[in-house]
Amino acid sequence: CIMPFTGTVLGGIQGLIFTPANTVLNVSDMGHLLEVASLLVNSPNLTVEQQQHHLDAMINPVLAAVQELVQSPHMQIYAHDIGERLAQKLGLLASLTKGFHRRVDHLQEHCKRMLEASVSAVSALPEHATLRSKAMVVVHRMVICMEHDLLPYLPYILPILVTHMTPDIADEAQRDTDNLVQLVNQLMIRYRHALGSLMETLLMKLLNRLFELMPSNSREAHGQDLLPHTTAVQLCLQRLYYSVIQHVVANGLSPVLLSDPVRPNLEQLLGTLVTALREVPDPMVKKNCVSTLQLL
């Protein structure tokens, strides 16, 4: 059984990954090792102090690297490369949380530091697709690791992610949009009313961005045949658009629709639901629209 050797194994993993002489392990290997370390940190064989010590030893080098990259004087010149390196670091932080299946009180400060580093990284390069993806993974993980302690950080990271959604319909941009909507929907399911004030400011921004991303010829075709790729993009964005609205009303956030930022758009928003029922053939879209109208 490995349990009696937990401390030794964790020390070995730290040495393998963070020694300056490490030229053998690639990022994927390091991620897998950190997932193992994450499971072992939660071992009942370790005291609270030992758990904190081992987690410190693993996150501190990563956080220091993130800070160094964010403060790089060459950020604008080498934005893509620095963004890729930051994304790798956030990926390692996400791996370090995969052994956590519930909130652990004595490790909350470590979780907060990981989240703060993620906010700092994505704030520096908010349009870098790979970095955005890894930041969203970290936030997903913190829903489990931090529970309601995550809420104070959402007004910092969600507006950045929504405002800087990738402004095209390439495959990478579609993945970014899909990941963001999944994250917002998960947060609405988890936090419900507690997310109300934030959704008042973000809902129309998100819905408008989804609408803007729909190919213009798909909105203006008036019965003309569309290219298969354009049709697929249109359907994906429509599903995301109506999914967000459905999650708002299904999770006790209907008062958001009557808030000052959203109320001027309410008639138009309800009109899109009725139009979709009449004109969009996709059964998933119709199901979301029917469910939304019933809940309203």
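**Contacts between domain 1 and domain 2**

Between domain 1 and domain 2 the count is 1 salt bridge. In this predicted model, a salt bridge joins the side chains of Arg132 and Asp176, with a distance of 2.7 Å from N to O. Arg132 falls within helix 6, which spans 129–146 and which, like helix 7 (154–163), supplies at least two residues of the side of domain 1 that touches domain 2. Of the elements on that side of domain 1, helix 6 gives the most, with 8 residues. When the residues of the side of domain 1 that touches domain 2 are divided by character, 12 are nonpolar, 5 are polar and 2 are charged.

The division of the chain that underlies this description assigns residues 1–164 to domain 1, whereas domain 2 is made up of two segments, 169–217 and 225–295. The C-alpha centres of the two domains are 31 Å apart, and contact between them involves 19 residues of domain 1 and 18 residues of domain 2. The area buried between domain 1 and domain 2 amounts to about 1800 Å², of which 71% lies on carbon and sulfur atoms. With regard to polar contacts, 3 residue pairs are found across the interface of domain 1 and domain 2, both residues of each pair being at pLDDT 80 or more.

Definitions and conventions
Residues are numbered from 1 along each chain as its sequence is written. This is a predicted model: local features need pLDDT of at least 70, side-chain atom pairs count only at pLDDT 80 or more; totals for chains, interfaces and linings use all residues. Side-chain values use heavy atoms; hydrogens and water are left out. Domain bounds come from an automatic or database domain assignment. Contact means heavy atoms within 4.5 Å. Buried area is the accessible area (1.4 Å probe) that two parts lose on being put together, summed over both. A salt bridge is a side-chain nitrogen of Lys or Arg within 4 Å of a carboxyl oxygen of Asp or Glu. A polar contact is a pair of N or O atoms within 3.5 Å; within protein, one must be able to donate a hydrogen and the other to accept it, and residues adjacent in sequence count only if both atoms are side-chain atoms. Helices (H or I, at least four residues) and strands (E, at least two) are DSSP runs, numbered from the N terminus. Ala, Val, Leu, Ile, Met, Phe, Trp, Tyr, Cys and Pro count as nonpolar, Asp, Glu, Lys and Arg as charged, and the others, Gly among them, as polar.
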